[in-house]
Amino acid sequence: MARQNRLHALIDALRSGSIHRAADLARQLGVSQRTLYRDIQSLQAAGVPVQGTRGTGYHLSDQIRLPPLDLAPAELEALSLGLAILSQSADPDLSQAATALADRIDALLPEAAIAPADAWKLEKPPFADAARGASHIPRIRAAIRARQKLRITYHSRGDRITTRTIRPLALSSLGPVWTLTAWCELRAAMRDFRLDLIDTSEALPELFLDDSP
C-alpha cells in the first residue's frame, strides 16, 4: 500500500472514536509497529488531531473551532503546513488568501518562531496532493447548499478513473485531509470521497431532496 493511502487508511481506522492499540493498527495496515509510530507522528505533524502515546493507544480528539489566542510551536507548524498546502491550490482565490494569511502571520511572529514555520515550505508534506482537491471545495459547498447534483471523475481503487453522479451532503476535514460524504448513484449507496482523488467536478442542473432515494 502506498504511504499516502496507508495514512488515509489509518485515519479511517481512528475515526471510530475508540482507543486503538498500536499493535492492532499495525496488524490491520500490514506494517511494523515502528512504521505505525512514524505514521502517527506524520499525521500529528500534518495537523490531524491524533492523541495518545505508546502503550496507551491512539484516538482522534474532538476538534475545537475557536481560534486560539496563543499558539504552541507544534500548533504553529500545523497551521503553517495547512497554509502551505492551500497556497498550491488550483483555486486562485484560495491560493492567494492562504499566501496572504501566511505572510500576515509571519509578520506578527517573534523572530525565533519564524524558522519552524518556514521549514514547512522546504519539505514535501505527507498530504502534498491535498491541494489538488481544494479547488473543488467552492463548487461542492455551493452544491450542498443548493441540493444540486454533481458529476465527478474519481480515482477509484486500483487507480481506475470512474465517472459518478453524486448527491453531495457534507464536507469534513481532519487537518489537511478533506472528504465528501455523498449518495453515489452508480453504487446506490452512501460513499465518502477523498477530494484529492477527484479529477473534475461539474454542477448539474438537476436538484435532489434530502429524503430522495
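Let me start with one term: a residue is buried when its relative accessible area is under 20%, exposed when that area is over 50%, and partly exposed in between, using a 1.4 Å probe and protein chains only. By that yardstick Arg160, at 44% relative accessibility, counts as partly exposed.

Before we go on, a word on what we have here. This is a predicted model, in which local features need pLDDT of at least 70, side-chain atom pairs count only at pLDDT 80 or more, and totals for chains, interfaces and linings use all residues. Residues are numbered from 1 along each chain as its sequence is written, and side-chain values use heavy atoms, with hydrogens and water left out.

Okay, the overall picture. The protein chain has eight helices and seven strands. Those are DSSP runs, numbered from the N terminus: helices are H or I with at least four residues, strands are E with at least two. There are 213 residues in the protein chain, and buried ones make up 42% of them. The protein chain exposes about 12400 Å², with carbon and sulfur atoms supplying 53% of that; the areas come from the Shrake-Rupley method with a 1.4 Å probe, and for residues only the protein chains shown count as cover.

How far along the sequence do the contacts reach? If we take contacts between residues at least 6 apart in sequence, 56% join residues at least 24 apart. Contact here means heavy atoms within 4.5 Å.

Back to Arg160, then. Arg160 sits in the loop between β3 (148-155) and β4 (161-174). And Arg160 has company: together with Arg157, Arg187 and Arg191, Arg160 makes up a patch of positive charge on the surface. For a patch, we take residues with over 30% relative accessible area and no salt bridge, and join like charges within 9 Å, or nonpolar side chains (Val, Leu, Ile, Met, Phe, Trp, Tyr) within 5 Å. Lys and Arg count as positive, Asp and Glu as negative, while His and the chain ends are not counted. The place of a charge is NZ of Lys, CZ of Arg, CG of Asp or CD of Glu.

Now, salt bridges. We call it a salt bridge when a side-chain nitrogen of Lys or Arg is within 4 Å of a carboxyl oxygen of Asp or Glu. How many does the structure hold? Nine. Let me show you a few.

One of them pairs Arg15 with Asp12, at 3.4 Å from N to O. Arg15 is partly exposed, at 38%.

Another joins Arg27 to Asp24, with the closest N and O atoms 3.0 Å apart. Both residues belong to helix α2 (residues 22-29), three residues apart, so that's about one turn of the helix. Arg27 counts as exposed at 60% relative accessibility, whereas Asp24, at 32%, is partly exposed.

Then there's Glu185 with Arg167, also a salt bridge, 3.0 Å from N to O. Glu185 is in the loop between β5 (177-184) and β6 (189-194) and Arg167 is in strand β4, so the pair ties together parts that are 18 residues apart in sequence. Is Arg167 buried or exposed? Buried, with a relative accessible area of 11%; Glu185 is partly exposed at 29%. These two also take part in a network of salt bridges that links Lys149, Arg167, Glu185 and Glu206.

Let's move to helix α3 (residues 33-45), where we find Asp39. Asp39 is buried, with a relative accessible area of just 2%. Which residues does Asp39 touch, leaving aside neighbours within four places in sequence? Arg3, Arg6, Leu7 and Leu10. Arg34 is in helix α3 as well, but Arg34 is exposed, at 66%.

Last stop: backbone angles. Most residues other than glycine have a negative phi. Here are two with a positive value. Arg147 has phi near 55°; Arg147 lies in the loop between α8 (137-146) and β3 and is partly exposed at 24%. Ala188 also has phi near 55°, and its place is the loop between β5 and β6.

That's my tour, so have a look at the structure and see what you spot.
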